[in-house]
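Welcome! Here is a short tour of the ligand site and the empty spaces of one protein, told in questions and answers.

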Amino acid sequence: MIQVFRPNMPPAEAILPYMRRIDQRRWYSNFGPLYHELRARFAAMFGVTEDQLVLVSNATVGISLAIRAVMSQRAGGICLMPSWTFSASPLAAMAAGLQPYFGDVDRDTWALDPTQISDAQMEQASALLVVSPFGTPLNMDDWETVVQKYGVPVVCDAAASLDAVARAPEFQVTSIPIVISLHATKALGIGEGAIVLCADPDVIERVRQMSNFGFSKTSVSQVVGTNAKLSEYSCAVGLAALDRWEGVRANLLARSARYAEMLAPVDGVSLFGAESPYASTYAVAELDHRDAYQLANFLSRSGVETRRWWRSGCHGHPTFNAFPASPLPETRRLSRSTLGLPYYADISDEEMSRVVTLLGDFLASPHKREDAAPALTRGAREVV
Ligand SMILES: *Cc1c(COP(=O)(O)O)cnc(C)c1O
């Protein structure tokens with residue numbers, strides 16, 4: 001069996017020296033010394049000051065707190081977001097008291113297009129959540145223009161895009177909060193955790209307060225908060241992960257380049273973001289003419305695990321399908337034509353070659369109707 005993903009976390013011995021420091025200091029959470037060291041190292045990575053960054057317990061809660069921090073006094077309303085995203089995006093908006101409104105994505109970038117946002121949509125929206133798909137960069141100046149034009153706050157779910165945020169010149173840290181996940185399935189994993197970045201230190205301070213019961217300087221709840229702090233143990237894993245990050249990053253990039261090279265001669269399939277110089281943990285194949293469900297079944301029968309990472313888009317999940325949506329032709333197309341292939345930092349040439357050979361066999365085989373996805377219809381019976 002070739003697995004779709006295998007995490008690449010720091011080994012126990014690499015974490016141990018940091019754990020010893022926790023033992024010596026006997027400080028286990030609540031912004032301790034390891035938290036500060038990790039925050040300083042991430043600030044250097046993203047080219048921001050330490051007051052422009054806060055670490056929280058996961059990206060889902062990070063997005064939710066970031067939305068609440070930029071909405072300031074306003075409460076409730078609609079949060080415009082793509083349907084083509086992970087469930088965490090609408091759940092985070094709902095936890096911030098907003099109702100998702102699903103928009104379609106651009107054919108090439110798989111993200112909301114800042115030039116296609118309509119006045120009618122923005123007049124209704126209290127906030128907008130833009131999602132960076134599968135590690136690819138967004139142009140934050142374009143989104144700043146949307147904020148200026150409509151006065152509607154924007155938050156960026158860049159959960160899977162740590163490397164693009166760190167290195168892509170257009171992925172600027174502006175007044176729009178950017179949230180990056182440190183989950184074990186992401187490129188720089190620590191188990192559970194997330195980074196919230198924003199050029200405005202007041203927004204960061206609000207997120208920090210909300211992550212700690214709404215406390216400011218004393219244990220008095222000044223605002224509605226929760227407990228979303230990152231413990232010193234998680235920070236120990238984070239410091240060990242950063243020590244080896246350049247190696248993991250180089251491996252991810254080398255493996256994806258090799259995949260693209262192997263897939264180049266195969267007609268009818270491409271890898272999303274294959275030319276991207278930014279590391280991620282996804283190899284999402286896009287089929288020109290064939291059905292991704294059929295491919296998933298075909299590969300599964302040959303012992304290759306795949307994943308429809310974002311399924312049919314969020315609008316199809318039972319929890320979200322009553323929410324309003326624009327017409328979603330691109331989302332529907334992506335849900336049928338794309339599939340996450342096995343990919344991770346230490347995937348071997350042999351494993352990739354087997355996947356590519358089977359993919360070629362599938363594309364050369366005749367269409368089989370019985371394996372195709374059931375027709376997608378809007379509503380509760382939609383296949384997600
Ligand atoms: C992984 C992911 C999340 C959730 O991150 P957690 O840290 O697991 O909460 C949110 N959005 C997107 C796009 C993701 O890929």
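Q: Which pocket does the ligand take, and what makes a space a pocket?
A: The ligand takes the space of the second largest pocket. On a 1 Å grid over the protein atoms alone, a pocket is an open set with protein on both sides within 12 Å along at least five of seven lines, while a cavity is a set of points where a 1.4 Å probe fits but cannot get out; lining residues have an atom within 4 Å of a point. A molecule sits in such a space if more than half of its atoms lie within 2 Å of its grid points. This is a predicted model, in which local features need pLDDT of at least 70 and side-chain atom pairs pLDDT 80 or more, while totals for chains, interfaces and linings use all residues. Residues are numbered from 1 along each chain as its sequence is written, and side-chain values use heavy atoms, leaving out hydrogens and water.

Q: How do you know which residues surround the ligand?
A: A residue counts as near if one of its heavy atoms lies within 4 Å of the molecule. The ligand is surrounded by 14 residues, with Ala 59, Thr 60, Asp 157, Ser 181 and Lys 186 the closest.

Q: Why is the pair formed by the ligand and the side chain of Thr 60 called a polar contact?
A: A polar contact is a pair of N or O atoms within 3.5 Å (within protein, one must be able to donate a hydrogen and the other to accept it, and residues adjacent in sequence count only if both atoms are side-chain atoms). An oxygen atom of the ligand is 2.6 Å from an N or O atom in the side chain of Thr 60, so the pair qualifies. For the side chain of Ser 181 the distance is 2.7 Å, and for a polar side-chain atom of Lys 186 it is 3.1 Å.

Q: How much of the ligand does the protein bury?
A: The protein buries 92% of the 380 Å² that the ligand exposes when taken alone, by the Shrake-Rupley method with a 1.4 Å probe, where for residues only the protein chains shown count as cover.

Q: What is the volume of the largest pocket, and which residues are closest to its centre?
A: The largest pocket holds about 540 Å³ of space. Its lining has 28 residues, and Asp 108, Thr 109, Thr 136, Phe 272 and Gly 273 are the closest to its centre.

Key
Points joined across faces, edges and corners; volume = space filled by probe spheres on them.
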